[in-house]
Amino acid sequence: LRLSAAESAARAAAAEREYAARVLEAVGDGIAGVDRDGVIRLWNPAAEAITGLRSDAICNHPAEEMIPGWPEIVTRVPVARRPGDADDSWTAETVPLEIQGREIWLSMVGVSLGDGIVYAFRDVTRDRRLEELRAQFVATISHELRTPLASLHGAAMTLLERQDELHEQTRRDLLDMIAGQSKRLAALT
């Protein structure tokens with residue numbers, strides 16, 4: 001049985017669509033397709049896994065109604081005119097999303113289609129938490145170091161500026177304090 005050229009082309013196109021659908025199902029980033037009217041048309045399995053929002057529950061509904069904070073998110077996410085059309089101003093934006101009492105952070109970009117926008121996103125919640133912990137750690141260490149440094153500086157300046165005016169016991173107390181705070185700084189470090 002010989003296929004016509006049209007039938008052969010149709011089968012090839014169907015096979016290509018099937019392959020593209022399988023790839024979309026397997027990709028690790030969340031992919032969301034939102035049409036020109038703001039209706040969610042595509043929500044891949046990774047998007048479900050990341051957000052906990054099921055495709056069958058949100059597809060064919062307005063994103064604004066289905067995704068908490070969508071109006072704010074969509075204004076912050078950069079959208080390229082076509083895939084790969086990136087310049088320095090087009091980088092992923094990290095946006096918060098609160099779903100069912102759970103806060104997740106998404107690194108998100110978009111690409112414009114003729115009839116809507118395709119958004120790609122990944123969960124960066126863990127990275128965000130690690131960054132917050134790092135910032136807290138640095139702030140704590142800075143505070144812990146500032147206190148003995150201020151004492152050291154004050155004692156040293158007092159000794160330098162008023163050395164002749166100080167009683168012997170006051171000088172000894174200041175030197176003891178300098179030695180103690182130096183040990184404290186060494187232990188902290």
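How many cavities of 30 Å³ or more does the structure hold? In this predicted model, the structure holds 1 such cavity, and the close-up views below take up its lining, two aromatic pairs and the surroundings of Leu-145.

**View A. The largest cavity of the predicted model and the residues that line it.** The largest cavity has a volume of about 50 Å³. Its lining is made up of Ala-32, Trp-43, Thr-51, Ile-67, Trp-70, Ile-73, Leu-97, Leu-106, Met-108 and Phe-121. Sorted by class, this lining has 9 nonpolar residues and 1 polar residue, and no charged residue is found in it. At least two lining residues come from α5 (70-76), and β5 (102-113) likewise supplies at least two.

**View B. The tilted aromatic pair of Trp-43 and Phe-121.** The count of aromatic pairs in the model comes to 2. In one of them, the rings of Trp-43 and Phe-121 lie 5.8 Å apart, centre to centre, with an angle of 45° between their planes, and the pair is accordingly classed as tilted. Distant parts of the chain are linked by this pair, since Trp-43 belongs to strand β2 (residues 40-43) and Phe-121 to strand β6 (residues 116-123), with their positions 78 residues apart in sequence. Both Trp-43 and Phe-121 are buried, and both are also among the residues that line the largest cavity.

**View C. The edge-to-face aromatic pair of Trp-70 and Tyr-119.** Here the ring centres of Trp-70 and Tyr-119 are 5.2 Å apart and the planes make an angle of 85°, an arrangement classed as edge-to-face. This pair, too, links distant parts of the chain, with Trp-70 in helix α5 and Tyr-119 in strand β6, 49 residues apart. Trp-70 and Tyr-119 are both buried, and Trp-70 is one of the residues lining the largest cavity.

**View D. Leu-145 in helix α6 and its contacts with Leu-185 and Leu-188.** Leu-145 is found in helix α6, which spans residues 125-162. When neighbours within four places in sequence are left aside, Leu-145 is in contact with Leu-185 and Leu-188. Thr-189, which is 44 residues away from Leu-145 in sequence, is 8.5 Å from it in space, C-alpha to C-alpha. Why is Leu-145 described as partly exposed? The relative accessible area of Leu-145 is 27%, and because buried means under 20% and exposed means over 50%, a value in between is called partly exposed.

Definitions and conventions
Residues numbered from 1 in each chain as written. Predicted model: local features only at pLDDT ≥ 70, side-chain atom pairs only at ≥ 80, totals over all residues. Heavy atoms only, no water. Helix = DSSP H or I, 4+ residues; strand = E, 2+ residues; numbered from the N terminus. Buried < 20%, exposed > 50% of the residue type's maximum accessible area, 1.4 Å probe, protein only. Contact = heavy atoms within 4.5 Å. 1 Å grid on protein atoms, 1.4 Å probe; cavity = no way out; pocket = protein on both sides within 12 Å on 5 of 7 lines; lining within 4 Å. Points joined across faces, edges and corners; volume = space filled by probe spheres on them. Nonpolar A, V, L, I, M, F, W, Y, C, P; charged D, E, K, R; others polar. Phe/Tyr/Trp six-rings, centres within 6.5 Å; stacked < 30°, edge-to-face > 60°.
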